[in-house]
Structures are given as structure tokens and as C-alpha cells.
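Okay, thanks for squeezing me in. Let's get the model up on the screen, and I'll walk you through a few parts of it.

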Amino acid sequence: MDVAGDLIWGDDSKSEVFAQAQSRDISIIFRYSWNPKFPQSLPSRIVTCYHGLPAEDACETFPNRGSMREALYSSIRGVWDQCTRHPSVTAADVTVEIYEDAERQDQWRISHESLYNQYVESLLLVGSLFRGGKAKPQAYNTMDYSSLVQIRHLGGRGRTALVRSSETLYVFKGVDFGAFLESRADFQHQKDVCYHEIRTISSLPPHPNIIPLSNTFVTVRKIGDDQQAFVCGALYPFMEHGTLDDQIQNTKSTGARLPLISKAAWCFQMASAIAHAHFTAYTFHMDIKPANFVLNARKDLILIDWEQSGAALYTLAPEADGSWDIKEATTGSLYPGVTDSTEPKLVYEKYSGSYRENLAWGRPKWNVFPSWRDCYPRALDAAEVFSLGRTMWMLLEQVTQSEVEEREQITVSWSDFAEDIPEDWKGIVNRCLDPDPNERVGLLELVDFWKTVTSRDGAQTECAPIFSYT
């Protein structure tokens, strides 16, 4: 039986575990509840293992998460044929609880969750999503969440999943009922981030290397009230070639080098997308990394994930980690080394005050990007140039995300493996990574460098107009 499942989660109270499984066109949320009277029952053992609860006996848990997962999905496969015949199993508010009877056999029952309408009511109506001056798409469609066929979870923040509607594949980004069952606080954050990303992308002027505006919002409706549609997410195009990190990983087994012509085109497209965000849209990305660039059908890079709610520490500029404040020195400043010039020097000072936090669910905990956009755009440019430099180094050197994401310190160097990389390419990347943000290459100069390289070497790439400060 072809029952697939790749998403398991627990609740805040640590008394339940949920799992999503799908087969053909049916997707179901299964529930396992801890029962203190029967600690050796399958549901209790799953809950104990998943949440890491104390067990008095080895029979009350599993040796590891892998064996727990295997037992969980085995129980789902055992009841799948029976429960999928129930006429209500696909209702929006239904979960299927798996429990053991007196003979220790797996049984199931349909539960209509009273929390479902609370989940829907916590969302915004379609007409409310763009109130308050938020950029609204000129035309959009809505699609009911229940009409989507779940294929697999894609990881990342929230409930990002590969889905199908009719014969077309999409990426769903949003907050489903499962996120509400998991944690009310996390759900609230994920919902806010989902809406922020929709609004941000909607406000971005089009660019060939930035994910296009979604014209399809995914909606849900309250049980017993079909009149009002509430937004739980959006659909984005599915890019079958995967991410830039996938491209790098694919070379690891063979030792192959990605073509220089592709690397140059991709570096230009990265820089062009960020320049467009800064100088045309007057915003920022914040989480520049290989995994946030996907390849379209032409294998051009497309920048995704505009949540602006966290950053990968392995590409984050060191001065943007939340522990530094800026004072922009002016002519006649008392700061050492600052002399008369047409452009004042950015002076960074280590923050020494009390603990501060404006990004509870992301990292770094103190997000400097919004204030730097408004007050110190040169600092914002320098920070994202650093992130571009790290990302370009990972591409040119062919370093995967898994090789650096857990490192506390990353040393950028060029191995013999990268002897095919021209010296001026290495030089521009090194300038991106200068420890002094004032000495880094400018964002527009970085774009011009890669534009010249792609023109000289014949790389075929779409490009948008390059804008400068006004």
C-alpha cells in the first residue's frame, strides 16, 4: 500500500503527537494521545519517545526516533483502508485518533475537532489582507485548501509543502490546521510571517530573478459557514530543478565542477536580485544563502523566501548579528581615522546595554535590518554584500550548506579544487567579505562586475535595469 508520510509533530502540552499521511488524493492527520493508565500502549510510547518524557521501563518508549517513526507509520498503514472508507474522513475539521483496544490491537476513530473554527477565525479574510496601505495584487484567484492534493513536506519555516491542483504542481506556503494543533504561539508567529511574505512579494516590482507575485491565495472556511473565505497561505510555482544548494550537493558524489559560465551567470543574477530589492523596492532580503535560490526551467536563479524574519548564521554579516550599533561619522568627527570626505564612514559600536530582542522566533534575536534600511542604507548594502559574498564563495568553491551550517567559525579560503576559478572572481568575492564594512565592494559595483563577466564570457541571462541611489 502506497501510504506516504514525512511530517510528525507534537503539541505544547507534550501529551499528544500528530502525523500527516497521504495516499493517492487523500491526506489525513492522525493523532496519538498519552494515557497514564496504559504507558506501554503504542500511542503512549510514541508520545513518550517524541517528547522525550521520562519512562520507568524501556517498554514505555522506543530506542530512538527512527524506530518510533517506523512503528507510527506501520500503525497508519494498518488502519488506512478502513478509515479512508469513512464518509467524513476528508472533512476539514477531522483528525483520526489511533488507540489500542483491550487486546492491544490498533483501532481508530474519527474526531471532529472543536478547535477547527478557532483556527479559521484566527486568520484574515481575503479582503482584510491588504488593508492599511499594503500593496494589493491587481488580480488574484482563491483556491480552497481542501482541493489541494498533498505530495510531500518541503521543510523550512511554517508548513511549506509540494501540492497538486488538477495536474499542476505548486509550492504551498502557509499555515494549515496542523500548525494550529501543534502550538498556538508558534502558529501566531508563522501566520504573521506568512502574511508578511505575501505582502512583501506583492509590493516588489517584477524582476526576472525574484519569485513572482502569487496570484492564488489558499483559503479555508468555517464549518457551517461557507460564506467567508480566510487566507491560510499562497501558491507559488514549483521549480523542478531544486535549489542552488541542491546543484552543489549533486556534484559531491561525482567530484564534478559546475560550469564556469553557469557560475558567472548565477553570481550576476544573485547580485542583480538584491540590488533590485535595495534600490528599486527599497527593502532587503535578510536570509541570502544557496538554499534560497531556486532554478527555473531555464536554470536561471530565482530568489525565494521573503519572510524577513531570520537569517542563516553562516552567511550573516558579523556586524549584523544584533550585537552592534551604528554611528555614522560626519565631517569633523572625533572618531579615529575619519577625515573630511564626501561620504561619512560607518562607525560600529558594540552594544553594552540590557538584553534586547525583537525577533523572538528567529535569529539573530535583535534584527537590525529594518532600522538600517530606514537610517543606514549603506550599512544594509554592506551587510547583504557580505551575505552575497559568502553565498558566491559556496557556489564557486562548491561548499554545501550542510558543510558550514553548524560551524561556529567559517574560514573562507580557496582550495586546489577551485583552481579553475579566475583570480578576479576570487578577488571580488574576497572584497565582499572584508571585515570592515566600509571597505567592502559596493552592491552596484558587484553587479557591474558580474555583468561584465557574463557579457565577456557569453553567459545567457536575463537582466533588469540597474538603478543607483537618488
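Let's start with helix H1, residues 42-51: nine of its ten residues are buried, so the rest of the structure largely encloses it. By buried I mean under 20% relative accessible area, while exposed is over 50% and partly exposed is in between, with a 1.4 Å probe and protein chains only. And helices, H or I, at least four residues, as well as strands, E, at least two, are DSSP runs numbered from the N terminus.

Before I go on, the small print: this is a predicted model, where local features need pLDDT of at least 70 and side-chain atom pairs count only at pLDDT 80 or more, while totals for chains, interfaces and linings use all residues. Residues are numbered from 1 along each chain as its sequence is written, and side-chain values use heavy atoms, with hydrogens and water left out.

Back to H1. The buried residues there are Leu 42, Pro 43, Ser 44, Ile 46, Val 47, Thr 48, Cys 49, Tyr 50 and His 51. What covers the buried residues of H1? The cover includes strands E1 (4-10), E2 (16-23), E3 (26-33), E4 (94-100) and E5 (106-112), along with helix H2 (65-83); contact here means heavy atoms within 4.5 Å. Right after H1 comes Gly 52, with a positive phi near 65°.

Now let's zoom out. The protein has twelve helices and 16 strands. Its radius of gyration is 25 Å, close to the 23 Å from the globule rule for 470 residues, so it is as compact as a globular protein of that length. That radius is taken over C-alpha atoms, and the rule is 2.2 Å times the number of residues to the power 0.38. The C-alpha trace spans about 85 × 50 × 50 Å along its principal axes.

Of the 470 residues, 50% are buried. If you take contacts between residues at least 6 apart in sequence, 63% of them join residues at least 24 apart. The accessible surface is about 22,100 Å², and carbon and sulfur atoms account for 48% of that; the areas are Shrake-Rupley with a 1.4 Å probe, and for residues only the protein chains shown count as cover.

For the charge fans: there are 45 positive and 63 negative charges, and their mean positions are 2 Å apart. Lys and Arg count as positive, Asp and Glu as negative, and His and the chain ends are not counted. Each charge is placed at NZ of Lys, CZ of Arg, CG of Asp or CD of Glu.

Next, helix H7, residues 260-279. Its 20 residues reach 28 Å from first C-alpha to last, close to the 28 Å expected at 1.5 Å a residue; the expected span is 1.5 Å times one less than the number of residues. H7 is mostly covered too, with 17 of its 20 residues buried.

Then helix H5, residues 184-203, where you'll find Val 193. Is Val 193 buried or exposed? At 10% relative accessibility, Val 193 is buried. Setting aside neighbours within four places in sequence, Val 193 is in contact with Glu 307 and Ser 309. Its C-alpha is also 9.1 Å from that of Trp 306, which is 113 residues away along the chain.

Arg 431, in helix H11 (residues 423-432), is partly exposed at 36% relative accessible area. Leaving out neighbours within four places in sequence again, Arg 431 is in contact with Glu 439, Arg 440, Val 441 and Glu 445.

Over in H2, we have Asp 81, which is partly exposed with a relative accessible area of 40%. The C-alpha atoms of Asp 81 and Glu 56 are 35 Å apart, with their positions 25 residues apart along the chain.

Last bit: backbone oddities. Most residues other than glycine have a negative phi, and most peptide bonds are trans. Arg 24 is not a glycine, yet has a positive phi of about 55°. Arg 24 sits in the loop between E2 and E3 and is exposed, at 70% relative accessible area. Ser 166 also has a positive phi, near 55°, in the loop between strands E9 (161-165) and E10 (168-174), and at 62% relative accessibility Ser 166 is exposed.

And where is the cis peptide bond? The bond from Arg 363 to Pro 364 is cis, with omega near 0°. Pro 364 lies in the loop between strand E16 (346-350) and helix H8 (369-375).
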